[in-house]
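Visitor: I am new to this structure and would be grateful for a close look at a single part of it. Please choose a place to begin and explain what surrounds it.

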Amino acid sequence: MGIIAWILIGLLAGIIAKALMPGKDPGGIIITMLIGIAGGLLGGWLGKVIFGVDSIDGFFDLSTWIAAIVGSLILLALYRLLTRNRHPSRA
């Protein structure tokens, strides 16, 4: 798959990850899109390393989308953990 396809999958995976993991994110839509793109790449890499499968078969292959969404969920959770400590609560 080309880089344009990865960017598109990553953008959509970021949106899906945000829908599956609702909550307030300090970054907004741009950060969510970037997390989605990076998450797509992370998911593909993890699928290859952990399970030994080529999860990057094609744009319309279900394993590609699952890998991208799982990677996006992982990065979104890490991002929330890291940024939660930076913003003191206003109590």
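**From one leucine to a helix crossing**

Guide: Leucine 11 is located in helix α1, which covers residues 3-20. The model is a predicted one. With a relative accessibility of 25%, leucine 11 is classed as partly exposed, because buried is reserved for values under 20% and exposed for values over 50%. If residues up to four places away in sequence are set aside, leucine 11 touches Met33 and Ile37. A further link across the sequence is given by threonine 32: its C-alpha atom is 8.1 Å from that of leucine 11, although 21 residues separate the two along the chain.

These partners lead on to the next helix. Helix α2 consists of residues 29-50. Its 22 residues reach 30 Å from the first C-alpha to the last, close to the 32 Å expected at 1.5 Å a residue. The buried residues of α2 are Thr32, Ile35, Gly36, Gly39, Gly40, Gly43, Gly44 and Gly47. Some background helps in reading such a list: an α-helix has 3.6 residues a turn, so residues three or four places apart point the same way.

The other helix to consider is α3, residues 62-84. The 23 residues of α3 should span 33 Å at 1.5 Å a residue, and its end C-alpha atoms are indeed 33 Å apart. In α3, the buried residues are Thr64, Trp65, Ala67, Ala68, Ile69, Gly71, Ser72, Leu76, Arg80 and Thr83.

How do these two helices lie against each other? Two packed helices are described by the angle between their axes and the distance between the axes. Here the axes of α2 and α3 come within 6 Å and cross at roughly 125 degrees. An angle between 115 and 145 degrees falls outside the ranges for perpendicular and antiparallel, and α2 and α3 are therefore oblique to each other. The crossing of α2 past α3 is right-handed.

The contact between them can be followed residue by residue. On the α2 side it involves Ile31, Ile35, Gly36, Ala38, Gly39, Gly40, Leu42, Gly43, Gly44 and Leu46; on the α3 side, Ala67, Ala68, Gly71, Ser72, Ile74, Leu75, Leu76 and Tyr79. Sorted by character, the residues of this contact are eleven nonpolar, seven polar and no charged.

Leucine 75, in α3, shows the meeting in detail. Apart from neighbours within four places in sequence, leucine 75 is in contact with Ile35, Ala38, Gly39 and Leu42. One of these, glycine 39, has its C-alpha atom 6.0 Å from that of leucine 75, while their positions lie 36 residues apart in the chain numbering. The relative accessibility of leucine 75 is 23%, so this residue counts as partly exposed.

Tyrosine 79 is also in α3. Its relative accessible area of 22% makes tyrosine 79 partly exposed. The C-alpha atoms of tyrosine 79 and glycine 27 are 9.3 Å apart, for a separation of 52 residues along the chain.

Finally, the wider setting. The protein comprises three helices and zero strands, in the order α-α-α along the sequence. Of its 91 residues, 31% are buried. Among contacts between residues at least 6 apart in sequence, 74% join residues at least 24 apart.

Methods:
Residues are numbered from 1 along each chain as its sequence is written. This is a predicted model: local features need pLDDT of at least 70, side-chain atom pairs count only at pLDDT 80 or more; totals for chains, interfaces and linings use all residues. Side-chain values use heavy atoms; hydrogens and water are left out. Axes are lines fitted to C-alpha atoms, for helices over the stretch in contact, and angles run from 0 to 180 degrees between N-to-C directions. Helices (H or I, at least four residues) and strands (E, at least two) are DSSP runs, numbered from the N terminus. Angles under 35 degrees count as roughly parallel, over 145 as roughly antiparallel, 65 to 115 as roughly perpendicular and the rest as oblique. A crossing is left-handed if the near helix is turned anticlockwise from the far one by less than a right angle, and right-handed if clockwise. Contact means heavy atoms within 4.5 Å. Ala, Val, Leu, Ile, Met, Phe, Trp, Tyr, Cys and Pro count as nonpolar, Asp, Glu, Lys and Arg as charged, and the others, Gly among them, as polar. The expected span of a helix is 1.5 Å times one less than its number of residues. Buried means under 20% relative accessible area, exposed over 50%, partly exposed in between (1.4 Å probe, protein chains only).
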